Amino acid sequence: MTGTPLHPISAQVIEIIRRLRLEFPKAGIALEFANPWELTVAVILSAQCTDKMVNRVTATLFSKYPALTDYAAADPAEFEKDIRPTGFFRNKTKHILAAAHKVLVDYNGEVPHTMHELLTLPGVARKTANVVLGNAYPSAYAADPDAGIAVDTHVHRLANRLGLASTKAPIKTETALMAVVPREDWFQLTYLLIEHGRATCTAKKPRCGQCNLAEICPSAGVAGRL
Ligand code: SF4
């Protein structure tokens with residue numbers, strides 16, 4: 001019996017995911033956290049900052065502010081100093097302390113379990129909300145009709161190089177990917193692309209000669225301009 005042929009882009013996506021899973025069987029979030037609130041803080045801090053630096057800062061921060069109430073009561077000037085090495089520390093402080101207050105007052109001290117509610121937190125846009133939901137509440141993420149794919153700079157770059165999207169803005173990349181990637185792969189795709197973006201398909205010098213996606217990548221040998 002012959003089945004319906006896959007749309008070429010779907011077949012390509014499935015093959016990309018299969019190959020990346022073989023290469024990065026342990027792909028997953030690199031941020032360290034012990035609960036959904038700490039994850040939210042770490043993801044907000046990770047904007048324009050490496051995961052390594054965030055982990056260094058949060059190692060001290062999470063000991064100094066062990067409870068959500070500690071963030072809600074924190075002195076902003078002192079908190080700015082605590083997170084300064086992550087960059088954009090004034091805005092990040094504003095967002096984290098306001099988010100702590102909102103979680104306490106509006107959500108009874110528990111980081112919300114839906115995309116819609118997560119997006120009401122200051123400093124939380126779709127990328128952060130997808131990361132928090134997918135990592136802290138996997139069942140809720142799988143069932144949430146508003147959930148999507150976390151798109152950071154690596155995911156945006158690779159989606160375009162691999163021909164899965166043709167977009168300038170990361171927010172549009174998320175929609176493009178959601179249209180071609182099977183729903184059950186949305187969560188892991190982010191981490192597979194991040195690993196591949198760090199290891200091989202780097203922004204400035206993609207190593208197409210050593211890439212296990214080269215024969216199925218439309219940018220092989222010509223990438224480096226995105
Ligand atoms: S072939 Fe080159 S452009 Fe394509 S994914 Fe691999 S490293 Fe990136």
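## A buried acid and its partner

In this predicted model, Asp185 counts as buried, at 10% relative accessibility. The cut-off for that label is under 20% relative accessible area, so the value of 10% for Asp185 falls within it. Arg21, by contrast, has a relative accessible area of 33% and is partly exposed.

Asp185 and Arg21 form a salt bridge, in which the closest N and O atoms are 2.8 Å apart. The pair links distant parts of the chain, with the two positions 164 residues apart in numbering. Arg21 belongs to helix H1 (residues 8-23), while Asp185 lies in the loop between helix H11 (170-180) and helix H12 (186-199).

## Salt bridges at helix H5

Two further salt bridges involve residues of helix H5, which covers residues 76-83. In one of them, the side chain of Asp82 meets that of Lys64 at 3.1 Å, N to O. Lys64 is in helix H3 (residues 51-64) and Asp82 in helix H5, 18 residues apart, and the pair is another link between distant parts of the chain. Both partners are partly exposed: Lys64 has a relative accessibility of 37%, and Asp82 has a relative accessible area of 22%.

The other bridge joins Glu80 and Arg90, with an N to O distance of 3.9 Å. Glu80 is in helix H5 and Arg90 in helix H6 (residues 89-106), 10 residues apart. Arg90 counts as exposed, at 54% relative accessibility; the label applies because its value is over 50%.

## Network and total

Salt bridges also link Glu15, Arg18, Arg19 and Glu215 in a network. Over the whole model, the count comes to 10 salt bridges. Among them are the pairs Arg21 with Asp185, Lys64 with Asp82, and Glu80 with Arg90.

## The ligand site

Where does the ligand sit? The ligand is placed in the largest cavity of the model. Around the ligand are Leu162, His196, Pro206 and Ser219, the cysteines Cys201, Cys208, Cys211 and Cys217, and the alanines Ala214, Ala220 and Ala223.

How many residues of this shell are nonpolar, polar or charged? The shell divides into 9 nonpolar and 2 polar residues, with no charged residue. Cys, Ala, Leu and Pro are counted as nonpolar here, so His196 and Ser219 make up the polar part of the shell.

Notes
Residues are numbered from 1 along each chain as its sequence is written. This is a predicted model: local features need pLDDT of at least 70, side-chain atom pairs count only at pLDDT 80 or more; totals for chains, interfaces and linings use all residues. Side-chain values use heavy atoms; hydrogens and water are left out. A residue is near a molecule or strand if one of its heavy atoms lies within 4 Å of it. On a 1 Å grid over the protein atoms alone, a cavity is a set of points where a 1.4 Å probe fits but cannot get out, and a pocket is an open set with protein on both sides within 12 Å along at least five of seven lines; lining residues have an atom within 4 Å of a point. A molecule sits in a cavity or pocket if more than half of its atoms lie within 2 Å of its grid points. A salt bridge is a side-chain nitrogen of Lys or Arg within 4 Å of a carboxyl oxygen of Asp or Glu. Helices (H or I, at least four residues) and strands (E, at least two) are DSSP runs, numbered from the N terminus. Buried means under 20% relative accessible area, exposed over 50%, partly exposed in between (1.4 Å probe, protein chains only).
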